[in-house]
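Please look over the sequence and the structure shown here, and then read the report that follows.

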Amino acid sequence: MIKKIVEQGFLNRFKIMKYQFVFLISTFLCIMLNAQYQVEFILKEQTAIKHDSIFIVGSFNGWDSLSNTDYLMHSLEYGDKTITLNLAPGTIEYKFHRGSWLTVEKEYYGAEVENRVVTITKDTSFIDSVVAWRDLMHIDKKIALGREKTNAGRVRLLADIARGYAFTTEFYNVDSAFFFAQEAIDLQQKILQSGEYDLSENPDYYIQLIRIKEIVASLLHALGNYPKALEIRLENFEIAEKIQDKFARIYSIINLADDFTSMKDFQSVLNYAKLGESLFSIQNNSDQAYPWMYFRLYLTIAEAYYNLNQLDSALLYANKTNIVLNEYDNPYYTIWNDQLLGDILAAKGDHEAAFSAYKQLIPNASRLYASQVIARAHTGMSRLLQKENQIDSALHYARKALNYYQNNEIEVQSWGENSNSFIAEVSPLIAELYQSKGQLDSAYKYLNLSVKLKDDLYNADKVRQFQTLTFNEAARRQELEQQARQAKEAFQTKVKIYGLITLLIGILALAIILYWNNKRKQKVNATLHQQKQEIESTLEELKTTQAQLIQSEKMASLGELTAGIAHEIQNPLNFVNNFSEVSGELIDELSQEIEEGNASDAKEIITDLKQNLEKINHHGERASSIVKGMLDHSRTTSGEKVLTDINQICDEYLRLAYHGMRAKHKSFKAYFETDFAKNLAKINIIPQDIGRVILNIINNAFQACTERSRSAVADKQINESTNNQSTGLVKVSTEQLDNSIRILISDNGPGIPDHIKDKIFQPFFTTKPTGQGTGLGLSLSYDIVKAHGGKLEVFTKPGQGSEFKIILPIN
C-alpha cells in the first residue's frame, strides 16, 4: 500500500515537471518569434553628385517603391546617410533609391545593382556604398571627367560614358558613343606611345585599348556593318596575340564569333571558338572574368555546332555550360542556355523537351527584362508549332517575335545586335505560315521583306569585304606560323653552333668535321630563307589572283549572255542581209523590165520584192525581240506580274545559255533537247525574275555537263558505267498539271553528292573554287520561286545527273 502511494506521488510530480517544461519551451519560442533587432544601415556615396533624399527599400517593407518617409535615410558626418530599423530575425533583401525605381542605384558600368541579401541574428550595422545612379549615370561621370587630372583616369571615364551610350537602352545614342569611344582610343594610344609606363610588365593598358575598341566594333555590328566590325575585332585579336594575354585572346575570339555568326560563316565560328577552348586548360579559374568567358565560349561552340547541324556535339557543349550555371547562379546565363537548348532539342525532334525549355525561360527572361531572349524563344516555339501543323498558333508566336524586333530597334542595338538581321530570319517563317493558310499576298509581302533586308545586310560588297578580311587574316596567321617556325629553327641553329664552338675548343681533332657540318647548316638556312621569299612571293600572287578572280566573276555572267545574244542575233541578221542583197538585184531587174515594157514580169518582181520586205521585217522583228528580251532580263525588275508564255521563256533562255557557254568555253561539247507542252496556259509571273531562275539553273546544268565531259575523258571507267554518255545533254520540258505548270531541267552531269544536297539552297554555299561563285544563285532562285507561290526541288543521283523541278501555280 505504501509502495503504491509513493509511486503515485512520483507520477504526479513527473506530470507537473512535464507541463512546466512545455510551458517554458512555448514561452521561449514566443519570445524568439516576436523578437526584433536594431539594424543600422550606413550608406556612402562615391558619385560626383551627393544627394540628400535617399531611401532604403526591401523585403522588410514589401518593397515599397514610393518616397515613403518612414524609410528616408538621415545625414551623417561627411555626407553619409543612415537609418536604423527594428527588424525580425531572418534573411532580408534591400537596395537604395532616391524616390522611385527610375532612380535606383547602379553599378559603375551601368548594370542595376542586385538585391543586397543579409541574415539578421542580432543587433548589427551594415555599411554599403553607391557608385552610380540610374538617371544620373552619365552626368556623374562627366562631372568626374572634368575633375580628373590623369590621362589613365580620363580614359576610364571616357570609356564608361561611351559604354553607357552604347549599351543602355534609355541612354542609347550612337553618335555620342562613337565620339567618347574615339576620344578614349586616341588618349589611350597616346599613353601607349608616350613610354611613360612599362608595358612589358603591365599589359593592362593594351587590354584597356582592346575593350574600348570593342565598344566601336559592337556599335558597328549593331548597325549591320559587319565587315568594319570584323576589321576592328581582328585588330584586337592581333593585339591580344602580341601581348600574349590568354584572357584577352579568348575575349577577342568570343567577339569575333559574333561577326562570323551574323555572316552565317559558322565553320569560322567553330574554328576560332575551338582555339579559345584550347586556351582554357591553362587558365586560372579564380579570375572574376572566368565564368563569363567560359559560358560565352562554350555557348558559342554549341551554337556553331547547332548551325552546322551537328546536333549531338551541340547538345554536349550546351550541357557543358552547366558547370558555370551550377557554380555561379547568374540568371542571364540560364535564360540564354535554355533558349539555345530549346533550339537544339527542337532540331533533334524532341518537341516536348524543347517546349519545356522555351516555356521555362520566358518568365525568367521577363523578370530580367530580356525581351530579346523571349523573342528568340517565340521564334523557336513558332517553328515547333509549324512542324506540328498548328499554323495559327505558330503564326501568333512568329508575329510576336517580329513585332518585338520591328518596334524595339534601339533595345536590340543596345544589346549589340542588329534588329534587321532578326527580322530577315523571322520573315520567311511568317511567309511560309501565310502560304500554308493560302494567304499568298501576305506570304509574298513578308518574303519580299526578307529578301530586301538580306540584300542590304549581305550585299555583294559586304560579302567581298568580309571574304577579303578573312583571307587576309588567314594569310597573317600563316605568316605568324612561318615566323614561329623560323624562330624555332634559328634558335636550334644557335644551340648547334654554340655546341660546335665548345667541341672545337675541347676536341681539335674533330675541327674539320664540325666545320663542314656548320657549313651544311648555313646552306640549309639559306635554302629556308629562299623558300620563305618564294612563299611570300606566292602569297602576293595569290592575293592578286584573288582580286582578278573576283573581277572575272563580275564579268562572267555578262560575257555568257553577250555571247548568247551575238549568236542569236546573227541568224536574223544574216536573213536581213541576204534578202536585202536579193532585193537590190530584183530592183535592178524591175527597172530593166519597166524600160522594156514587160508589165507582167515587173509585177512578178514586185511581188517577190514585197515578200522579201516582209521577210526582212519578220527577221528584223525577231532580232528586236531578242534585244528587248535581254534588256528586260538585264534591267531591274518592276515587280509587276504579267501573263507570260513559259515555253517562250524556256526556249529563249535555253538557247542564250547554250550559245553563251559555247562562246565562253571553246572545248564545250553538249547538246540540248526540248519537250514543250502544246497549248500551255499563260500564267501571271514576273518574267525577268523567273527568267533569271531558268537561266541560272540551265547555266548550272551546262556547267555540270562540262564537268561530266572532262571527267569522262579522264576516266574511261565512268564512260563504261554510264553507257558511254560522255557528251553532255541538257533537257528542258514543260507540262501543265491541274492547277500549275511544271518545268523540268535535267542534265547527265556528275550529280550532286548527298552530303551537300541539303545545302545548295543556302545563301553563300558554293562548290565552286574561291572567286568563281558567291553561292547566291540557287538561294535567290529558291526565294523567287517561293515568292511566286511555287516550289523549287532537286532530284539527283551521283554519277547519273540532276533534275531541277520548278512548279508555278496557274492562278
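## Charged residues and one strand pair

E585 lies in helix α20, where helices (H or I, at least four residues) and strands (E, at least two) are DSSP runs numbered from the N terminus. This is a predicted model, in which local features need pLDDT of at least 70 and side-chain atom pairs count only at pLDDT 80 or more, while totals for chains, interfaces and linings use all residues. Residues are numbered from 1 along each chain as its sequence is written, and side-chain values use heavy atoms, with hydrogens and water left out.

E585 counts as exposed because its relative accessibility is 52%; buried means under 20% relative accessible area, exposed over 50%, and partly exposed in between (1.4 Å probe, protein chains only). E585 belongs to a negative surface patch together with E581, D588, E589, E595, E596, D601, E604 and D608. Patches are made of residues with over 30% relative accessible area and no salt bridge, like charges being joined within 9 Å and nonpolar side chains (Val, Leu, Ile, Met, Phe, Trp, Tyr) within 5 Å. Helix α20 (511-596) and helix α21 (599-634) each supply at least two residues of this patch, and the largest share, six residues, comes from α20.

Across the whole structure, a search finds 19 salt bridges, each being a side-chain nitrogen of Lys or Arg within 4 Å of a carboxyl oxygen of Asp or Glu. Three of these pairs are set out below.

| Pair | N to O distance | Elements | Separation along the chain |
|---|---|---|---|
| E105 and R116 | 2.6 Å | strand β6 (residues 105-106) and strand β7 | 11 residues |
| R296 and D258 | 3.4 Å | helix α9 (residues 290-307) and helix α7 (residues 246-262) | 38 residues |
| E303 and R376 | 3.5 Å | helix α9 and helix α14 (residues 371-387) | 73 residues |

Both E105 and R116 are buried, and these two residues are linked with D128 in a network of salt bridges. In the pair that joins α9 to α7, R296 counts as partly exposed because its relative accessibility is 21%, and D258 is likewise partly exposed, with a relative accessible area of 22%. In the pair that joins α9 to α14, E303 is partly exposed at 26% relative accessibility, and R376 is partly exposed with a relative accessible area of 22%.

R116 also belongs to the covered face of strand β7 (residues 116-120), along with V118 and I120, whereas V117 and T119 make up the uncovered face. Strand β7 pairs with strand β5 (residues 90-97) in the antiparallel sense over five bridges, two strands being paired if DSSP finds at least two bridges between them. Within this pairing, V118 of β7 is the bridge partner of I92.

Notes:
Areas by Shrake-Rupley, 256 points an atom, 1.4 Å probe, with all protein chains shown as cover. Lys, Arg positive; Asp, Glu negative; His and termini not counted. Charge placed at Lys NZ, Arg CZ, Asp CG, Glu CD.
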